[in-house]
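Colleague: I would like to go through this model with you, one place at a time. Could you bring it up, please?

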Amino acid sequence: MSMIAPAILHVTDSRIVAAHTLWLRFNDGVEGVADLSHDLDAPVFELLKDPAHFTAGRLDPMLHTVVWPCGADFAPEFLRSRITNASA
């Protein structure tokens, strides 16, 4: 039986694992680590360069992605593209 990819990608679980690094699980079954340290150049991400602010990231159950109190978030598709050591 083959797994059919979902029409809309969602983050279903997340954990902060290091400065600027998240472990993520997606609704297509893929999980792995995303290092976002090179993706924080836009003004909305400026506060996230500080590891203390980055660790405030939480999975938003309505948006289905990781969000931060400063208003920053990444699209699930972008986060999925940053996954290394992916497993399904």
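Modeller: Let us begin with G71, which sits in the loop between β5 (65-67) and α2 (76-81). Please bear in mind throughout that this is a predicted model.

Colleague: Is G71 buried, partly exposed or exposed?

Modeller: G71 has a relative accessible area of 49%. The range between 20% and 50% is called partly exposed, so G71 belongs to that class.

Colleague: And how many Å separate the C-alpha atoms of G71 and L9?

Modeller: Those two C-alpha atoms are 21 Å apart, and the residues are separated by 62 positions along the chain.

Colleague: Let me step back. How many helices and strands does the protein chain have?

Modeller: The protein chain contains 2 helices and 6 strands. Their order along the sequence is β-β-β-α-β-β-α-β.

Colleague: What is the radius of gyration, and what would a compact globule have?

Modeller: The protein chain has a radius of gyration of 13 Å. A compact globule of 88 residues would be near 12 Å, so the two values agree. Along the principal axes, the C-alpha atoms occupy a box of roughly 45 × 25 × 20 Å.

Colleague: What share of the residues is buried?

Modeller: Of the 88 residues in the protein chain, 33% are buried. The accessible surface amounts to about 5,300 Å², and carbon and sulfur atoms contribute 59% of that area.

Colleague: What about contacts between residues 24 or more positions apart?

Modeller: They account for 47% of the contacts in the protein chain that have a separation of 6 or more.

Colleague: And the charges: how many side chains are positive and how many negative?

Modeller: There are 6 positive and 11 negative side chains in the protein chain. The centres of the two sets lie 5 Å apart.

Colleague: Now the strands. How do β1 and β2 run, and how many bridges join them?

Modeller: Strand β1, residues 11-18, and strand β2, residues 21-26, are antiparallel and are joined by 6 bridges. Within this pairing, V11 stands opposite F26, and A18 has T21 as its bridge partner.

Colleague: What lies between β1 and β2 in the hairpin?

Modeller: The hairpin has 2 residues between the strands, and H20 takes a positive phi near 65° there. H20 is a residue other than glycine with a positive phi value.

Colleague: Is H20 buried or exposed?

Modeller: H20 is buried, since its relative accessible area is 13% and the limit for that class is under 20%.

Colleague: Where else does a residue other than glycine have a positive phi?

Modeller: H64 is one such residue, with phi near 60°. H64 lies in the loop between β4 (58-60) and β5, and H64 is partly exposed at 28% relative accessible area.

Colleague: Back to β2. How does β2 pair with β3?

Modeller: β2 and strand β3, residues 31-35, pair in the antiparallel sense over 5 bridges. R25 is opposite E31 of β3, while L24 has G32 of β3 as its bridge partner. The hairpin of β2 and β3 has 4 residues between the strands, and G29 takes a positive phi near 90° in this hairpin.

Colleague: Why is β2 described as largely enclosed?

Modeller: Because 5 of the 6 residues of β2 are buried, β2 is largely enclosed by the rest of the structure.

Colleague: Take T21 in that strand. What is T21 in contact with, leaving aside neighbours within four places in sequence?

Modeller: T21 is in contact with R15, I16, V33, A34, D35 and F54, once those neighbours are set aside. T21 is buried, with 11% relative accessible area.

Colleague: One last place, F45. Where is F45 found?

Modeller: F45 is in the loop between β3 and α1 (51-54). F45 counts as buried, at 11% relative accessibility.

Colleague: Which residues does F45 touch, not counting those up to four places away in sequence?

Modeller: With that exclusion, F45 touches D39, L40, A72, D73 and F74.

Colleague: And how far is the C-alpha atom of F45 from that of C70?

Modeller: The separation is 8.4 Å between the C-alpha atoms of F45 and C70, which are 25 residues apart along the chain.

How values were computed
Residues are numbered from 1 along each chain as its sequence is written. This is a predicted model: local features need pLDDT of at least 70, side-chain atom pairs count only at pLDDT 80 or more; totals for chains, interfaces and linings use all residues. Side-chain values use heavy atoms; hydrogens and water are left out. The radius of gyration is taken over C-alpha atoms; the globule rule is 2.2 Å times the number of residues to the power 0.38. Buried means under 20% relative accessible area, exposed over 50%, partly exposed in between (1.4 Å probe, protein chains only). Contact means heavy atoms within 4.5 Å. Accessible areas come from the Shrake-Rupley method with a 1.4 Å probe; for residues, only the protein chains shown count as cover. Lys and Arg count as positive and Asp and Glu as negative; His and the chain ends are not counted. The place of a charge is taken as NZ of Lys, CZ of Arg, CG of Asp or CD of Glu. Two strands pair if DSSP finds at least two bridges between them.
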